[in-house]
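Hi,

Here is the structure I promised to pass on. Have a look at it first, and then read my notes underneath.

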Amino acid sequence: MHSPAGTAVYFAMHHCHSRRTIRYSKGTVVRNVPIAENTWRITIDSEEPLPEVRAGQFAMLRLPNRTDPLLARPFAVYLAEAHRFEAVYLTVGKMTRLLAAVRTNDPLEFWLPLGNGFSDEPVQHTILVAGGIGQTPFLMYCRNARKRGERITLLYGVRTAARTACMDDFRGLGITPVIAADDGSAGYHGLVTDLIEPQYHAGELTKILACGPLPMLRSVFFTAKKLGLPCSVSLETPMSCGLGICFGCVVPYRENDDTLDYRRTCTEGPVFDAYKLQW
Ligand SMILES: Cc1cc2nc3c(=O)[nH]c(=O)nc-3n(C[C@H](O)[C@H](O)[C@H](O)COP(=O)(O)OP(=O)(O)OC[C@H]3O[C@@H](n4cnc5c(N)ncnc54)[C@H](O)[C@@H]3O)c2cc1C
Ligand code: FES
């Protein structure tokens with residue numbers, strides 16, 4: 001995927017009868033700052049305006065002019081407006097540690113929008129459950145849901161208070177996050193999933209959306225099932241191509257006739273109906 005500096009290449013993908021245009025951009029880093037323990041926020045400007053992005057879609061980010069790591073990595077779109085793209089990331093390995101060393105004015109390659117994103121079918125109340133770095137796809141969702149007049153509850157589980165990131169952005173939308181910390185250093189001392197049930201008011205049209213580590217997603221699903229609520233989860237499955245080509249990101253998926261097949265997280269996800277996955 002090569003393009004002259006400062007230009008963008010569009011390519012189209014045909015999938016599930018829908019045509020989507022993915023934009024490849026060479027961007028320039030505006031800011032890359034630590035915002036919590038091992039957590040950074042990066043702001044990148046593209047020369048050309050970004051295509052429309054749905055809440056819950058993601059981007060592939062790649063460090064240019066190097067072959068190690070060769071592959072791009074997936075990151076939720078935290079914000080995408082006009083020319084500007086933002087992501088919030090945890091430093092866990094090779095690419096994210098190198099990303100934290102990127103400076104203002106450095107070049108960065110990214111392509112978006114990828115994946116399906118969250119459904120914007122209106123409900124009265126959305127309960128968002130985020131764990132670890134799982135809050136990142138929810139800011140755009142909250143902005144849109146606010147415009148639709150939905151009530152939003154954000155439950156956010158962290159290992160420790162020092163890992164708490166982005167909550168002021170949610171507060172800026174009038175949302176008061178309910179925080180749970182594994183070590184009791186902030187908010188509720190315990191698992192974030194303990195907090196779901198008390199938030200549900202019978203009779204209010206409610207759905208649950210979750211993003212975070214698999215054990216948390218599993219527990220969210222079983223709570224949703226117990227309460228009889230719709231539940232979608234956004235998976236953070238490691239990816240290679242991000243475009244539906246390598247099948248490196250497949251997850252078992254329950255078909256309507258109850259047989260198991262596979263779905264690619266990068267194109268048919270990352271958001272899945274939790275009732276369709278195998279827990
Ligand atoms: C759709 C999607 C959205 C994502 N959004 C974000 C985001 O907004 N912010 C963010 O910080 N991260 C996000 N991730 C996860 C992010 O892609 C990985 O953290 C990143 O690829 C790690 O790259 P690395 O080179 O630093 O780590 P590597 O060197 O590749 O791996 C380091 C260690 O982390 C493990 N690892 C790598 N990727 C994952 C993963 N996805 N899940 C669990 N363990 C993993 C590896 O097994 C290894 O042990 C998202 C993933 C997906 C699929
Ligand atoms: S990452 Fe290649 S098919 Fe999904």
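Before the notes, one term: by a polar contact I mean a pair of N or O atoms within 3.5 Å, where, within protein, one must be able to donate a hydrogen and the other to accept it. Please also keep in mind that this is a predicted model.

That term comes up straight away with Thr39, whose side chain reaches the backbone oxygen of Glu37 at 2.8 Å. Thr39 sits in strand β3, which covers residues 39-46. Is Thr39 buried or exposed? Buried means under 20% relative accessible area, and Thr39 has 1% relative accessibility, so it counts as buried. If you skip the neighbours within four places in sequence, Thr39 is in contact with Val33, Pro34, Val88, Tyr89, Leu90, Ile133, Arg163 and Ala165.

Now a step back to the whole chain. The protein chain has five helices and 17 strands. Its radius of gyration is 18 Å, close to the 19 Å that the globule rule gives for 279 residues, so the chain is as compact as a globular protein of that length. Measured out along the principal axes, its C-alpha trace spans about 55 × 45 × 35 Å. Of the 279 residues, 53% count as buried. Taking contacts with a separation of 6 or more, 64% of them are between residues 24 or more positions apart.

As for the surface, the accessible area of the protein chain comes to about 12800 Å², and carbon and sulfur atoms make up 52% of that. On the charge side, there are 30 positive and 27 negative side chains, with the centres of the two sets 3 Å apart.

Next, some backbone geometry. Most residues other than glycine have a negative phi, and most peptide bonds are trans. With that in mind, here are the spots I would point out.

- Asp68 and Pro69 are joined by a cis peptide bond, with omega about 0°. Pro69 is in the loop between β4 (58-62) and β5 (73-76).
- Gly269 and Pro270 are also joined by a cis peptide bond, here with omega about 10°. You will find Pro270 in the loop between β16 (260-264) and β17 (271-273).
- Asn65 is not a glycine, yet its phi is positive, near 60°. Asn65 is in the loop between β4 and β5, and with a relative accessible area of 72% it is exposed.
- Phe247 is not a glycine either, and has a positive phi of about 60°. Its place is the loop between β14 (231-234) and β15 (250-254).

One last residue to look at is Val53, in the loop between β3 and β4. Where does its relative accessibility put Val53, buried or exposed? At 13%, Val53 counts as buried. Again leaving out neighbours within four places in sequence, Val53 is in contact with Val77, Ala80, Leu112, Pro113 and Met140. Val53 and Cys266 are 213 residues apart in sequence, and their C-alpha atoms are 15 Å apart in space.

If you want a place to begin when you open the model, go to Thr39 and find the backbone oxygen of Glu37. After that, the loop between β4 and β5 is a good second stop, with both Pro69 and Asn65 in it.

Cheers

Definitions and conventions: Residues are numbered from 1 along each chain as its sequence is written. Chains are lettered from A and ligands numbered from 1 in the order in which they are written. This is a predicted model: local features need pLDDT of at least 70, side-chain atom pairs count only at pLDDT 80 or more; totals for chains, interfaces and linings use all residues. Side-chain values use heavy atoms; hydrogens and water are left out. Helices (H or I, at least four residues) and strands (E, at least two) are DSSP runs, numbered from the N terminus. The radius of gyration is taken over C-alpha atoms; the globule rule is 2.2 Å times the number of residues to the power 0.38. Buried means under 20% relative accessible area, exposed over 50%, partly exposed in between (1.4 Å probe, protein chains only). Contact means heavy atoms within 4.5 Å. Accessible areas come from the Shrake-Rupley method with a 1.4 Å probe; for residues, only the protein chains shown count as cover. Lys and Arg count as positive and Asp and Glu as negative; His and the chain ends are not counted. The place of a charge is taken as NZ of Lys, CZ of Arg, CG of Asp or CD of Glu.
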